[in-house]
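Got a minute to look at a model together? Here's a quick briefing on a helix pair and a couple of backbone oddities.

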Amino acid sequence: MVINNNKSSKTVIQIKEMHKWFGNFHVLKNISLGVNQGERIVICGPSGSGKSTLIRCINRLEVHQQGDIIVNNVELTGDLKNLEAIRSDVGMVFQSFNLFPHLTVLENCTLAPIWVKKLPKKEAEELAMELLTRVKIPEQALKYPGQLSGGQQQRVAIARSLCMQPKIMLFDEPTSALDPEMIKEVLDTMIELAETGMTMIVVTHEMGFAKKVADSVIFMDEGEIIEQNDPKNFFNNPKNDRTKLFLSQILNH
Amino acid sequence: MSEKTYKPGNYPDLPPPPGTVGVYGWIRQNLFSSISNSLLTIISVVLLYYLINGIIGWFFLDAVFDAESKIACRKINDGACWAVITRRVGQFVYGFYPEAERWRIDITFLTMFIAFAPLLYPDIPKRKWLLYFSLFYPFFAFVLIMGGYFGLQKIEYSLFGGFMLTVILGVCGIVCSLPLGILLALGRQSNLTVVRTLSVCFIEFMRGVPLITLLFVASSMLNYFLPPGTNFSILVRVIIMFTFFSAAYIAEVIRGGIQAIPKGQYEAADALGMNYWQKTRFITLPQALKISIPGIVNTFIGLYKDTTLVVVIGLLDPLGIGRAALADTKWNGLSTETYLFVALFFFVSCFAMSRYSLWLENKLNTDKK
Ligand SMILES: Nc1ncnc2c1ncn2[C@@H]1O[C@H](COP(=O)(O)OP(=O)(O)OP(=O)(O)O)[C@@H](O)[C@H]1O
Ligand SMILES: [Mg+2]
């Protein structure tokens with residue numbers, strides 16, 4: 001099954017010949033990538049290939065040194081005035097959830113809307129409850145993150161990001177820290193999110209998810225985009241030898 | 001015991017074996033778990049019996065609570081001679097504050113609890129209104145203690161002494177050094193080089209100098225460094241020094257707390273579009289302060305006890321009052337009673353702080369409640 005939505009050809013992310021170094025170490029090499037509104041992209045590749053670094057460049061958690069990144073028509077440069085405004089349009093979900101442990105689930109979800117978006121508290125709480133219902137944990141709203149299971153925490157993290165009503169969602173291995181029985185509940189949440197037409201970039205090794213949801217799959221190795229294709233061609237006839245090797249490793253175990 | 005058989009899935013919840021739970025179980029596991037443990041328990045109980053017997057005798061049963069002098073005490077009984085305290089209790093509490101005006105200290109002290117309640121207990125009812133009182137309290141306390149306004153007799157600070165002096169120094173030092181310590185800790189972590197360097201220099205200087213030196217500076221030299229025309233009383237200068245000194249320690253304790261926060265917390269806050277002050281207020285400080293509670297309270301307790309050092313610059317804290325009492329020929333040689341009394345006062349205050357910090361830690365513990 002392939003989820004189909006009305007995708008416009010409006011480009012929301014445009015990366016052009018982008019390079020990044022950590023000190024002398026060339027992590028990202030000549031990355032070019034365009035993402036249209038509503039498009040869903042899955043990135044995979046071996047550990048250390050620069051997947052996390054790439055998507056962290058998109059909301060400028062990491063700073064690139066060469067090339068262009070344009071998000072929502074704003075170019076990410078050093079003298080950017082309202083970085084916060086751009087970041088609040090790009091949601092991000094982390095491998096380790098990163099919920100705020102001293103705040104309740106509801107407070108986790110309303111903190112940024114109230115202080116960054118200046119939403120009235122009541123409105124923020126209504127929105128948060130709506131999104132917590134969407135990720136199927138409204139009854140946990142008054143608990144603290146430490147009292148929830150990993151899968152529940154990750155769904156709260158997704159709801160927290162969505163509370164900022166972002167235009168783009170980035171996922172960095174959202175299920176890698178979870179026990180097998182919890183992976184499905186998080187993936188289901190992400191599939192439902194995809195059905196709403198959200199623009200998504202997902203770093204994951206869940207190839208079932210990629211086949212089901214992705215419009216395009218990217219394989220990265222040693223800081224380069226080695227191959228990009230639609231899921232069907234990507235899995236059935238990968239062109240590059242390294243892609244073939246990688247796929248055989250993760251699909252056969 | 002006969003083992004019954006149950007069908008799979010039907011095994012009932014059985015009570016634990018006898019002697020493993022309850023009072024009996026606790027005693028058995030903790031006091032008599034082995035032969036050596038049992039011996040130790042018995043020996044301790046015997047020792048405790050003799051110790052407590054002796055202590056109660058000296059402290060209470062054989063003690064004299066009122067007499068003219070030490071010699072008069074000894075004629076009555078041979079236990080502790082508490083007369084040195086009871087005859088001078090006014091001085092121990094109020095120093096040389098005029099007797100007719102001591103009600104002002106009493107009121108200030110009692111209302112202090114109302115002023116602190118909303119700060120210490122966030123769940124207290126009507127907290128908002130109480131907080132207004134807390135804000136107003138420092139002015140209230142200042143006017144009431146110092147006098148000179150509203151027809152209150154002006155009292156010279158040189159008459160201050162005893163426990164009242166300890167509480168004034170301790171409370172002012174604690175209340176001022178926490179915010180300053182937080183700012184210094186943030187300054188030390190700041191990206192702005194100037195702010196960071198200044199914070200580091202301040203912290204390292206204050207930590208590297210003995211408190212007693214700072215007190216001498218306060219008593220003799222501080223006025224050289226202040227703008228001409230300002231002339232703070234020695235009391236204010238001493239409070240400033242206590243504040244600076246303990247703020248440096250608190251800054252380091254809080255810095256430890258800040259560094260214990262996982263990097264992911266900041267990344268999540270960044271990704272949500274929060275700016276520096278929002279991150280500091282909602283993410284960094286609540287978590288860092290919570291981790292630092294034991295260290296902060298430790299510093300407070302240290303500061304509180306260090307207030308006894310003011311005796312070197314001529315202020316009469318309880319120890320100073322005690323020494324004055326002992327210098328009196330009537331009470332010569334009663335140092336045990338005097339110092340025990342002062343120690344008890346400090347112990348009660350510090351123990352209260354320590355219990356409060358435990359309570360707060362428990363309350364703020366949000367995982368697996
Ligand atoms: N802050 C940093 N400073 C220096 N090197 C870094 C930093 N962050 C990442 N690296 C290095 O950059 C490379 C790419 O890291 P990145 O986290 O993007 O890989 P990844 O593809 O996400 O791997 P994984 O699957 O393990 O998450 C790695 O070799 C890593 O060691
Ligand atoms: Mg990664």
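What follows covers one helix packing in chain B and two backbone spots in chain A.

Keep in mind that this is a predicted model. Two packed helices are described by the angle between their axes and the distance between those axes, so that's where we start.

**Helix packing in chain B**

- Helix α14 (residues 318–327) of chain B packs against helix α15 (residues 335–364) of chain B at about 165 degrees, and their axes sit 10 Å apart.
- Angles over 145 degrees count as roughly antiparallel, so α14(B) is roughly antiparallel to α15(B).
- As for handedness, α14(B) and α15(B) make a right-handed crossing.
- On the α14(B) side, the contact uses P318(B), L319(B), G322(B), R323(B) and L326(B).
- On the α15(B) side, S335(B), T338(B), Y339(B) and V342(B) do the job.
- Sorted by class, the α14(B) contact with α15(B) comes to five nonpolar, three polar and one charged residues.

**Positive phi in chain A**

- Most residues other than glycine have a negative phi.
- N30(A) isn't a glycine, yet its phi is positive, near 50 degrees.
- You'll find N30(A) in strand β2 (residues 25–36) of chain A.
- N30(A) is partly exposed, at a relative accessible area of 46%.
- E173(A), also not a glycine, has a positive phi of about 45 degrees.
- E173(A) lies in the loop between β7 (168–172) and α6 (180–195) of chain A.
- The cut-off for buried is under 20% relative accessible area, so E173(A), with 16% relative accessibility, counts as buried.

Technical notes
Residues are numbered from 1 along each chain as its sequence is written. Chains are lettered from A and ligands numbered from 1 in the order in which they are written. This is a predicted model: local features need pLDDT of at least 70, side-chain atom pairs count only at pLDDT 80 or more; totals for chains, interfaces and linings use all residues. Side-chain values use heavy atoms; hydrogens and water are left out. Axes are lines fitted to C-alpha atoms, for helices over the stretch in contact, and angles run from 0 to 180 degrees between N-to-C directions. Helices (H or I, at least four residues) and strands (E, at least two) are DSSP runs, numbered from the N terminus. Angles under 35 degrees count as roughly parallel, over 145 as roughly antiparallel, 65 to 115 as roughly perpendicular and the rest as oblique. A crossing is left-handed if the near helix is turned anticlockwise from the far one by less than a right angle, and right-handed if clockwise. Contact means heavy atoms within 4.5 Å. Ala, Val, Leu, Ile, Met, Phe, Trp, Tyr, Cys and Pro count as nonpolar, Asp, Glu, Lys and Arg as charged, and the others, Gly among them, as polar. Buried means under 20% relative accessible area, exposed over 50%, partly exposed in between (1.4 Å probe, protein chains only).
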